[in-house]
Amino acid sequence: MPVRIYAVIAWEDFDLKARDIAFGSIYSALSIILVSFSAIFGDDLFLLIFSSLPLIALTDQFGKRAGVLSYVVISAVAFLIFPLRISTIIFILLFGPYSLLRDLFKNRKILRMTFHFVLLFGLAFLSYFVITYLLNLNLGKYSVYLVALGMVSLLLYERFVEYFLRWYKKIVLKQRWM
């Protein structure tokens, strides 16, 4: 008589379909490749911004559970490959959580925009302090200018994400091959 082993999942209502998991793994692999390229090419911010777009599209299309699972996988693999790189830390602390939390206020436009900016700036300050303490960076008098430049770039990032999602919903999701 064969012995059967049953796996027990702790989170019982974690109901993801095989299609959701397959697309989640594809989007996760794409994000991991872009985070790796960002770390290889000298912590390139442009590639790091692009690495968050598959996670945003996944969360928008398949929901928070697939997004959280994908974020955990991307963060773990990126941290294992490049442990103390600025691009890995910024993705784990800034772009990853923002990708998951940006859909909290979908219906109310003013509240949503305010929440996006507060969330972005809060995660940016957290990333800034973690990076300065972990890597012992002393920026001196230029830190105020760099923080202001970072805030302007995060505002541009938010607008870029909005335009990307419009394009994604209009072009990619209209095709029913998914």
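Is F62 buried or exposed? F62 counts as buried, at 13% relative accessibility. The views below come from a predicted model.

**View 1. Aromatic pairs, with F23 and F62 in close-up.**
The count of aromatic pairs in this model comes to nine. One of them joins F23 and F62. Their rings are stacked, 5.6 Å centre to centre, with 25° between the planes. The angle falls under 30 degrees, so the pair counts as stacked. The partners come from distant parts of the chain, 39 residues apart. F23 belongs to helix α1 (residues 18-40). F62 belongs to helix α2 (residues 45-62). F23 has 14% relative accessibility and so counts as buried. F62 is buried too, at 13%. The cut-off for buried is under 20%.

**View 2. The pair of F95 and Y157.**
This aromatic pair is edge-to-face. The ring centres lie 4.9 Å apart, and the angle between the planes is 65°. Edge-to-face applies because the angle is over 60 degrees. Here again, distant parts of the chain are linked. F95 sits in helix α4 (residues 86-101), and Y157 sits in helix α6 (residues 143-172). The two residues are 62 residues apart. F95 and Y157 are both buried.

**View 3. An aromatic cluster and a charge over a ring.**
F23, Y27 and F62 make up one aromatic cluster. F23 and F62 are the stacked pair of View 1. A second close-up shows R159 and Y163. The charged end of R159 sits over the ring of Y163. Its distance from the ring centre is 5.5 Å.

**View 4. The largest pocket and its lining.**
The space in the largest pocket is about 700 Å³. Its lining holds 25 residues. Closest to the pocket centre are L45, I90, Y128, L146 and G150. Four elements give two or more residues each: α2, α4, α5 (109-134) and α6. Which element gives the most to this lining? That is α6, with eight residues. By residue type, the lining of the largest pocket divides into 19 nonpolar, five polar and one charged.

**View 5. The second largest pocket and its lining.**
The volume of the second largest pocket is about 210 Å³. It is lined by 10 residues. R102, R112, E162, L165 and K169 lie nearest its centre. The elements giving two or more residues to this lining are α5 and α6. The largest share, four residues, comes from α6. How many residues of this lining are charged? Eight are charged, with one nonpolar and one polar.

**View 6. H116 and its contacts.**
H116 is found in helix α5. Its relative accessible area is 1%, so H116 is buried. Which residues does H116 touch, not counting those up to four places away in sequence? They are Y98, R102, E158 and E162. R102 and E162 are also among the residues nearest the centre of the second largest pocket. The view also takes in L155. H116 and L155 are 39 residues apart along the chain. Their C-alpha atoms are separated by 9.4 Å.

Technical notes
Residues numbered from 1 in each chain as written. Predicted model: local features only at pLDDT ≥ 70, side-chain atom pairs only at ≥ 80, totals over all residues. Heavy atoms only, no water. Phe/Tyr/Trp six-rings, centres within 6.5 Å; stacked < 30°, edge-to-face > 60°. Buried < 20%, exposed > 50% of the residue type's maximum accessible area, 1.4 Å probe, protein only. Lys NZ or Arg CZ within 6 Å of the ring centre and 35° of its normal. 1 Å grid on protein atoms, 1.4 Å probe; cavity = no way out; pocket = protein on both sides within 12 Å on 5 of 7 lines; lining within 4 Å. Points joined across faces, edges and corners; volume = space filled by probe spheres on them. Nonpolar A, V, L, I, M, F, W, Y, C, P; charged D, E, K, R; others polar. Contact = heavy atoms within 4.5 Å.
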